[in-house]
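Subject: Structure handover

Hello,

Here is the structure for you to look over. My notes on what was found follow below it.

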Amino acid sequence: MRRLILLRHAKSDRPAGVADHERPLNDRGRQAAPAVGAHLAEAGLRPDLALVSTAQRTRETWEAMAAALGNPETRRHREIYEASAHQILTVIRSAPDSAGTVIVVGHNPGLGDLASDLAGEGPRAVRNRLALEFPTAAYVVIEFDTDRWANIAQGQGRLDRFVRPRDIDPDLGG
């Protein structure tokens with residue numbers, strides 16, 4: 001079995017004159033990221049490998065939660081930034097099979113589209129909600145009955161959970 005965690009970066013700021021790739025987290029994002037990391041750890045969702053976009057906001061999101069998750073191996077991928085669902089899936093398929101659980105820290109709309117594309121099974125109401133929204137600092141867990149990352153495909157995953165920051169703490173929003 002393979003477990004995939006798709007995590008959208010926490011809420012970012014939009015400072016004037018700063019390129020999109022270099023946008024930092026805002027105050028709400030700096031609060032949500034470690035809370036989501038702690039929530040993942042408490043749920044036993046500790047990845048073996050993190051695939052992280054090179055954008056500043058994704059790097060800051062991951063850095064705020066990596067320690068709570070045991071500081072797994074981290075690989076930064078420019079291909080995840082501004083990527084389509086297909087581009088992100090290509091990166092995931094290249095993950096080593098020694099990693100049973102992989103987390104991808106990325107961006108919408110590609111990440112949300114990928115989550116909806118992969119989750120062929122799971123509670124219909126949750127899959128429908130996922131198709132409508134994937135807020136900042138939210139994550140999904142999708143499980144696959146395969147022993148190779150290269151084999152994961154559209155509609156073959158089972159949606160285990162979809163958690164938004166406000167599900168953890170209403171004050172986190174998102």
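**The largest pocket**

Sixteen residues, written 16 in the output, line the largest pocket, and those nearest its centre are Arg8, His9, Arg23, Arg57 and Asn108. Please keep in mind that this is a predicted model. The volume of the largest pocket comes to about 210 Å³. Sorted by class, its lining consists of 7 charged, 6 polar and 3 nonpolar residues.

**Helix α2**

One of the residues nearest the pocket centre, Arg57, is also among the buried residues of α2. The helix covers residues 56-65 and is mostly covered, with 7 of its 10 residues buried. Those residues are Gln56, Arg57, Thr58, Glu60, Thr61, Trp62 and Met65. They pack against two kinds of element: the helix α1 (27-42), and the strands β1, β2, β3 (73-77) and β4 (101-106).

Glu60 deserves a separate look. What is the nearest side chain of opposite charge to Glu60, and how far away is it? It is Arg30, at 4.7 Å. A salt bridge requires a side-chain nitrogen within 4 Å of a carboxyl oxygen, so Glu60 is buried without a salt bridge. Once neighbours within four places in sequence are set aside, the contacts of Glu60 are Pro24 and Leu25.

**The loop before α2**

Thr54 sits in the loop between β2 (49-53) and α2. Is Thr54 buried or exposed? Its relative accessible area is 16%, and the cut-off for buried is under 20%, so Thr54 counts as buried. Apart from neighbours within four places in sequence, Thr54 is in contact with His21, Arg59, Arg76, His77 and Arg78. Thr54 and Glu79 are 25 residues apart along the chain, and their C-alpha atoms are separated by 8.4 Å.

**Salt bridges**

Side chains of opposite charge can pair when their charged atoms come close. How many salt bridges does a search of the whole structure find? The search finds 13.

Glu143 takes part in a salt bridge with Arg3, in which the closest N and O atoms are 3.1 Å apart. Arg3 belongs to strand β1 (residues 2-8) and Glu143 to strand β6 (residues 139-144), so this pair ties together parts that are 140 residues apart in sequence. Glu143 also meets Arg158 in a salt bridge, at 2.4 Å from N to O. Here the link is between strand β6 and strand β7 (residues 157-163), where Arg158 lies, and the two residues are 15 apart. Glu143 is buried because its relative accessible area is 11%, whereas Arg158 is partly exposed at 33%. These three residues belong to a network of salt bridges that links Arg3, Glu143, Arg158, Asp160 and Arg161.

Another salt bridge joins Glu73 and Arg75, with the closest N and O atoms 2.8 Å apart. Glu73 is partly exposed, at 42% relative accessible area, and Arg75 is partly exposed as well, at 32%.

**In brief**

The points to check on screen are these:

- the pocket lining, with its 7 charged residues;
- Glu60, buried and without a salt bridge;
- Thr54, buried in terms of accessible area;
- the salt-bridge network that includes Glu143.

Regards

How values were computed: Residues numbered from 1 in each chain as written. Predicted model: local features only at pLDDT ≥ 70, side-chain atom pairs only at ≥ 80, totals over all residues. Heavy atoms only, no water. Helix = DSSP H or I, 4+ residues; strand = E, 2+ residues; numbered from the N terminus. Buried < 20%, exposed > 50% of the residue type's maximum accessible area, 1.4 Å probe, protein only. Lys, Arg positive; Asp, Glu negative; His and termini not counted. Contact = heavy atoms within 4.5 Å. 1 Å grid on protein atoms, 1.4 Å probe; cavity = no way out; pocket = protein on both sides within 12 Å on 5 of 7 lines; lining within 4 Å. Points joined across faces, edges and corners; volume = space filled by probe spheres on them. Nonpolar A, V, L, I, M, F, W, Y, C, P; charged D, E, K, R; others polar.
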